[in-house]
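Below are some notes for a colleague who is opening this structure without having seen it before. They begin with the chain as a whole and then turn to individual strands and residues.

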Amino acid sequence: VLIDAPCSGEGMFRKEEAAITDWSEETVAMCAARQQEILHSGAALVKPGGRLVYSTCTFVPEENELCIEKFLSSHPEFTPEEVSAPWFTPAGTGAFRLWPHKLLGEGHFVAVLRKANGDTREIPQEKGAQMPKVFTEFAKQLQLSLPRGKAVLFGQSLYLAPEEMPDIRGVKVLRPGLELGEVKKDRFEPAHALALALKTAANTVSLPAESPALQGYLQGQTIEDPTRGWTLIQADSYSIGWGKGDGKMLKNHYPKGLRR
């Protein structure tokens, strides 16, 4: 869990004039209290054996070393972790100062804490669905190389989710993983996200970045090409979308909302 905490912003003094005019001792005290609340909430999200990283862009000890010291006094399950970072200035075990005269950037502080191992509840895993035959045939035909994962179906929408993904029943999810496409009754229609995730495919047409054909594709036009079936369209070998060929033309499947 990474906590990039809101702070008094002393590290921004030479970058933003407002950081100076907004600063006060009251602001420091307010930020320090808020940081304790955030750390307390973040600690509950760290699994046993997990790591908590805390950072600020201020110099004042009340929001940095003293903040971590206070947190550790009320959370004995956490301990500072030794980290090899010789390019930073040590500020105690697991803590570092990032000075602007020694590194690129402004003034920062970071601390790394490890949560002790303990008994954990068994987290139910998403069972996943059987990969539809229309997709496996599609992937075989185009010789697609996909990361390991499990199939998740939302209606007709097929996703490839991480194998360790927990049960998401009852949770509102926008996308549970990589969107592969739509599973129709007797065919599969690949998603734009799948095209962007691929490095290559058996059917691939790469267009020069400055070519009129590429400009036309981005506007929704067809491409003259003898390739048949679903085809990965690339710009100088960078995957950007799909086309579907009949042996003479590639019908444009670039999302209408992205056309220009």
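1. In this predicted model, 41% of the 260 residues of the protein chain count as buried. The accessible surface of the protein chain comes to about 15800 Å², and carbon and sulfur atoms account for 54% of that area.

2. The protein chain has six helices and 15 strands. Its radius of gyration is 26 Å, well over the 18 Å that the globule rule gives for 260 residues, so the chain is more spread out than a compact globule. Along its principal axes, the C-alpha trace of the protein chain spans about 70 × 50 × 30 Å.

3. As for contacts, if one takes those between residues at least 6 apart in sequence, 60% of them join residues that are at least 24 apart. On the matter of charge, the protein chain carries 30 positive and 32 negative side chains, and the centres of these two sets lie 12 Å apart.

4. Which strands make up the open sheet of five strands, and in what order? The order is β11-β13-β14-β15-β12, and the pairing is mixed. At the edges stand β11 (204–207) and β12 (223–224), each with a single partner strand, so that one side of each is left without a neighbour in the sheet.

5. At one of these edges, β11 pairs with β13 in the parallel sense over four bridges, and among the residues concerned, Ser 206 has Gln 234 of β13 as its bridge partner. In a regular strand the side chains alternate between the two faces of the sheet. In β11, Val 205 and Leu 207 form a covered face, whereas Thr 204 and Ser 206 form an uncovered one.

6. At the other edge named above, β12 pairs with β15 (residues 249–252) in the antiparallel sense over two bridges; here Glu 224 has Met 249 of β15 as its bridge partner.

7. Elsewhere in the list of strands, β7 and β8 (residues 157–161) run antiparallel and are joined by five bridges, with Lys 150 standing opposite Ala 161 of β8. The hairpin that these two strands form has two residues between the strands, and Gly 155 in this hairpin takes a positive phi near 65°.

8. Two further backbone angles deserve a look. Most residues other than glycine have a negative phi. Gln 143, however, has a positive phi near 55° without being a glycine, and its place is in the loop between α4 (133–142) and β7 (150–154). Is Gln 143 buried or exposed? With a relative accessible area of 60%, Gln 143 is exposed, because a value over 50% counts as such. Asp 236, which is not a glycine either, has a positive phi of about 50° and is found in the loop between β13 (228–235) and β14 (238–246).

9. The last residue to inspect is Pro 80, which is found in strand β3 (residues 78–80) and which, at 34% relative accessibility, counts as partly exposed. With which residues is Pro 80 in contact, leaving aside its neighbours within four places in sequence? The contacts of Pro 80 are with Leu 72, Thr 93, Val 112 and Leu 113. Pro 80 and Val 1 are 79 residues apart along the chain, and their C-alpha atoms are separated by 14 Å.

Technical notes. Residues numbered from 1 in each chain as written. Predicted model: local features only at pLDDT ≥ 70, side-chain atom pairs only at ≥ 80, totals over all residues. Heavy atoms only, no water. Buried < 20%, exposed > 50% of the residue type's maximum accessible area, 1.4 Å probe, protein only. Rg over C-alpha atoms; globule rule 2.2 N^0.38 Å. Contact = heavy atoms within 4.5 Å. Areas by Shrake-Rupley, 256 points an atom, 1.4 Å probe, with all protein chains shown as cover. Lys, Arg positive; Asp, Glu negative; His and termini not counted. Charge placed at Lys NZ, Arg CZ, Asp CG, Glu CD. Pairing = 2+ DSSP bridges.
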